[in-house]
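The following questions and answers concern the structure shown below. Each answer sets out its reasoning before it gives the value or name requested.

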Amino acid sequence: MSIPSHVPADRVVDFDRFSGEELSSCPHQRVSELFRKSPALFYTPHDRGHWVVARAELARDMLRQPDKFSSHPRHNLANLRKPRTLPNQSDPPEHTQLRRIVNGFFSPDGIRPLEPEIRALARELIEGVLYRGGCEFVSDIAQIFPVVIFLRMAGAPLDDRPKLSAIADRFTRSPEVQDRLAALEDLARYLQVLIDEREHEPRDDLVSLVVQGRVDGRPLDAEEKIGMVTLLFLGGLDTVAASLSFFMAFLADHPGHCRELTDDPSLIPQAIEELARVHGVAGTERGVTQDMHYAGVDLKAGDRLVFPAHIYGLDDDWVEDPDRVDFRRPVSTHLVFGSGPHRCLGSHLARMEMRVFLEEWLMRIPSFCRASEGDVLTRGGLVWSPVRVDLRWPA
Amino acid sequence: MGLRIRVDTTICAGHALCAAREPWVYALDADGYCSSDGVMVPPGLEDQARRGARSCPEGAITLWHEEESSGA
């Protein structure tokens, strides 16, 4: 692990986003504390060496300059993967055209018709644990809920859920890059079968929408189709699961906050923004497109920039009293869904899933606590998550 | 006198928090991006317009005081 010659020593911070000690419990608090003591743009030798953008405003500025900070793997060879996932691993104008195919489906109006089905699924999962008086939230509920919704949207068989969840887990959490790449190839093989089926017999589902998509007045090619469908699967598989798990652990440990929501369920949407602000689960990367001097450092073409969007909402330069969780904040400013053109396509769906789930849970289980002592253990990686959240309530 | 909404559509990223927070002031297009650029805030909804503008994480929304043109 060496530091490139253009990186000054005072810009080096020992931050390992996969296996660092800070990620093992209370990661948001511990990583935000580390970042507050670090330069706004720092370098770590871990994970093959990369820069880290540690401040929200700097991140926001950089994420709206795709000409300088590219999402294409040609500028970030460490992120080269097969298939190239799309549209996230592309820049405008390619990105704009591909995104246009799916923007309508995932818009607030586009996903509204899914709400009754999402609510029915939430009810089913909650009623499945209700009379037990307890559950392990991550495996009993969180890993099932958003995945099933996604499988239904994509017209894929629900029996495939455990297999797909395991692949996603390897892709986001394995510290070995070769293992992550192999997991991606396994996923692509599975999805190609779905794509081939929908080419042959289109249906009214998300995979068919992509398969019939057009850019530049022509149909998508094979690589574009597998790239898009792969990303759509990865996006929906463990981000919402992790977020919900963090939220439930928080509410279990903070009965006062929980009571605010049971007293007034109309607070739930803004509570979700505030809970998301302090429990982000995912970040993003970019590659530097040319040698430049930026934000006080020399960057070289091909340098990797990691944006831990998980914790920009805890940036004390950006948010007042960021460690205080207050559901009645006028605005819960954060970037957990990213910033700029690549803002998370699934953000509206994610919010709806979380809102509906909390509404249904709190209606039936208004008071609950954690069944274990001590801090919740967590995992780092591309998506941060609690390892387990044992809950119990009066049954 | 009125308040006019300006949305920098080159930086609107479709978070849609403006419309989620203040649906009486802010509207979205079919793709979920803000379509309120150039719209006058309905009288009496100025506070809501400000809250909606503040909820944009990109800082894409600004509000401008304008004299309304008087009719004939």
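**Questions on the predicted model**

Q: In which strand of chain A does Arg286(A) lie?
A: The model is a predicted one. Within chain A, Arg286(A) belongs to the strand that spans residues 284–288. That strand is S7.

Q: Is Arg286(A) buried or exposed?
A: A residue counts as buried if 20 or more other C-beta atoms lie within 10 Å of its own. Arg286(A) has 27 other C-beta atoms within 10 Å, and therefore Arg286(A) is buried.

Q: Which residues does Arg286(A) touch, not counting residues up to four places away in sequence?
A: With residues up to four places away in sequence left out, the contacts of Arg286(A) include Leu305(A). The others are Phe69(A), Ser70(A), Ser71(A) and Asn76(A).

Q: What distance separates the C-alpha atoms of Arg286(A) and Val207(A)?
A: Along the chain, Arg286(A) and Val207(A) are 79 residues apart. In space, their C-alpha atoms are separated by 27 Å.

Q: What distance separates the C-alpha atoms of Leu251(A) and Cys369(A)?
A: Leu251(A) is placed in helix H12 (residues 239–253) of chain A. Leu251(A) is buried, with 25 other C-beta atoms within 10 Å. Not counting residues up to four places away in sequence, Leu251(A) touches His257(A) and Cys258(A). Leu251(A) and Cys369(A) are 118 residues apart along the chain, and their C-alpha atoms are separated by 7.9 Å.

Q: How are H9(A) and H11(A) oriented relative to each other?
A: Helix H9 (residues 177–200) and helix H11 (residues 222–237) of chain A have axes 10 Å apart and pack at an angle of about 115°. Angles of 65 to 115 degrees count as roughly perpendicular. H9(A) is therefore, relative to H11(A), roughly perpendicular.

Q: How many nonpolar residues are in the contact of H9(A) with H11(A)?
A: H9(A) passes H11(A) in a right-handed crossing. H9(A) contributes Leu187(A), Ala188(A), Leu191(A), Gln192(A) and Ile195(A), while H11(A) contributes Lys225(A), Ile226(A), Val229(A), Thr230(A) and Phe233(A). By class, one residue of this contact is charged, two are polar and the nonpolar ones number seven.

Q: What is the handedness of the crossing in which H7(A) passes H8(A)?
A: The axes of helix H7 (residues 145–154) and helix H8 (residues 161–173) of chain A come within 11 Å and cross at roughly 110°. That angle makes H7(A) roughly perpendicular to H8(A). The crossing in which H7(A) passes H8(A) is right-handed.

Q: Which residues in H8(A) meet those in H7(A)?
A: The residues of this contact divide into four nonpolar, one polar and one charged. H7(A) takes part through Val147(A), Val148(A) and Leu151(A). Their partners in H8(A) are Arg161(A), Leu164(A) and Ser165(A).

Q: What arc do the buried residues of H2(B) cover around the axis?
A: In helix H2 (residues 46–54) of chain B, the buried residues are Ala49(B), Gly52(B) and Ala53(B). An α-helix has 3.6 residues a turn, so residues three or four places apart point the same way. The buried residues pack against strand S1 (2–7), helix H1 (17–21) and strand S2 (61–66) of chain B. They lie on the same side of H2(B) because they cover an arc of only 100°.

Q: Where is the cis peptide bond with omega of about 5°?
A: The loop between S3 and H3 of chain A holds Pro87(A) and Pro93(A). The bond from Leu86(A) to Pro87(A) is cis, with omega near 0°. The cis bond with omega of about 5° joins Pro92(A) and Pro93(A).

Q: Is Ala16(B) buried or exposed?
A: Ala16(B) is found in the loop between S1 and H1 of chain B. Although Ala16(B) is not a glycine, its phi is positive, at about 65°. With 23 other C-beta atoms within 10 Å, Ala16(B) is buried.

Q: How many residues does chain B give to its contact with chain A?
A: Helix H3 (94–106) and helix H15 (347–364) each supply at least two residues of the side of chain A that touches chain B. That side has six nonpolar, nine polar and two charged residues. Chain A gives 17 residues to the contact, and chain B gives 14.

Definitions and conventions:
Residues are numbered from 1 along each chain as its sequence is written. Chains are lettered from A and ligands numbered from 1 in the order in which they are written. This is a predicted model: local features need pLDDT of at least 70, side-chain atom pairs count only at pLDDT 80 or more; totals for chains, interfaces and linings use all residues. Two residues are in contact if their C-beta atoms, placed from the backbone, lie within 7 Å. Helices (H or I, at least four residues) and strands (E, at least two) are DSSP runs, numbered from the N terminus. Ala, Val, Leu, Ile, Met, Phe, Trp, Tyr, Cys and Pro count as nonpolar, Asp, Glu, Lys and Arg as charged, and the others, Gly among them, as polar. Axes are lines fitted to C-alpha atoms, for helices over the stretch in contact, and angles run from 0 to 180 degrees between N-to-C directions. Angles under 35 degrees count as roughly parallel, over 145 as roughly antiparallel, 65 to 115 as roughly perpendicular and the rest as oblique. A crossing is left-handed if the near helix is turned anticlockwise from the far one by less than a right angle, and right-handed if clockwise. A residue is buried if 20 or more other C-beta atoms lie within 10 Å of its own, exposed if 12 or fewer, and partly exposed in between; C-beta atoms are placed from the backbone. The arc is that of the directions from the helix axis to the C-beta atoms.
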